Amino acid sequence: MGTESNERKDAVKQLIGQAREFVQALLKEDGKSEDITFALAFVAADLGLRVTDNQVAPISVVNAGVNKAIKDSVTRQRDQENEDEESEESNTRPKLQLVPDQIH
């Protein structure tokens, strides 16, 4: 069961990567991010509703994807802020110079 779960996670990661590449291509062709976002959300919800005969259960899956994206975005932002703070600290911190002990 663990292998199947890992295989599914890998497949989902690959699918997400392909979708990101597609979105990047659309953006390079002057696609508007809000239009692309709407279209992807619509397709996700529409697909789920079609394969479940219009049951609303797939909407929770769409929401889970949205929540994961938000969580990942917040994590990236925090990591970047921490890196920026560390960089600023290292630039303002006086450099220590090691001087060998003088023996008399």
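A residue here counts as buried under 20% relative accessible area, as exposed over 50%, and as partly exposed in between. Keep that in mind as you click around, and remember that you are looking at a predicted model.

**The whole chain**

Start by colouring by secondary structure. You'll find 3 helices and 0 strands, running α-α-α from the N terminus on. Now switch on the surface: about 9,900 Å² of the chain is accessible, and 55% of that belongs to carbon and sulfur atoms. How much of the chain is buried? Of its 104 residues, buried ones make up 5%.

**The loop after α1**

Next, select D30. You've landed in the loop between α1 (2-28) and α2. Check the backbone here: D30 has a positive phi of about 70°, although it is not a glycine. With 69% relative accessibility, over the 50% cut-off, D30 counts as exposed.

**Helix α2: two rings and a neighbour**

Move on to α2, residues 33-51, and show the side chains of F38, F42 and V43. These three form a nonpolar patch on the surface, with about 340 Å² of accessible area together. V43 is found in helix α2. F38 and F42 belong to α2 as well, and since they sit 4 residues apart, about one helical turn separates them.

Zoom in on the two rings. The structure's count of aromatic pairs comes to 1. How do the rings of F38 and F42 lie, stacked or not? Their centres are 6.4 Å apart and their planes are at 20°, so this pair is stacked. The two residues fall in separate accessibility classes: F38 is exposed at 58%, while F42, at 47%, counts as partly exposed.

**Helix α2: a salt bridge**

Stay in α2 and select D46 together with R50. In general, side chains of opposite charge can pair when their charged atoms come close. That's what to look for here: D46 forms a salt bridge with R50, and the closest N and O atoms are 2.7 Å apart. Why are they about one helical turn apart? Because D46 and R50 are 4 residues from each other in helix α2.

Is D46 buried or partly exposed? Its relative accessible area is 23%, which falls between the 20% and 50% cut-offs, so D46 is partly exposed. Its partner R50 reaches 62% and therefore counts as exposed.

**Helix α3: another salt bridge**

A search of the whole structure finds 2 salt bridges, so you have another one to visit. Select D72 and K68, which both lie in helix α3. They form a salt bridge whose closest N and O atoms are 3.0 Å apart. Again the spacing is 4 residues, about one turn of the helix. D72 has a relative accessible area of 25%, so this residue is partly exposed.

**Helix α3: a patch of charge**

For the last stop, follow α3, which covers residues 57-92, to D79. Which residues gather with D79 in a patch on the surface? Select E81, E83, D84, E85, E86 and E88 along with D79, and you have a patch of negative charge. D79 itself lies in helix α3 and counts as partly exposed, at 41% relative accessibility.

If you'd like one more look, show both surface patches at once: the nonpolar one formed by F38, F42 and V43, and the negative one that includes D79 and E88.

Notes:
Residues numbered from 1 in each chain as written. Predicted model: local features only at pLDDT ≥ 70, side-chain atom pairs only at ≥ 80, totals over all residues. Heavy atoms only, no water. Patch = residues over 30% accessible without salt bridge, like charges linked within 9 Å, V, L, I, M, F, W, Y side chains within 5 Å. Areas by Shrake-Rupley, 256 points an atom, 1.4 Å probe, with all protein chains shown as cover. Salt bridge = Lys/Arg side-chain N within 4 Å of Asp/Glu carboxyl O. Lys, Arg positive; Asp, Glu negative; His and termini not counted. Charge placed at Lys NZ, Arg CZ, Asp CG, Glu CD. Helix = DSSP H or I, 4+ residues; strand = E, 2+ residues; numbered from the N terminus. Buried < 20%, exposed > 50% of the residue type's maximum accessible area, 1.4 Å probe, protein only. Phe/Tyr/Trp six-rings, centres within 6.5 Å; stacked < 30°, edge-to-face > 60°.
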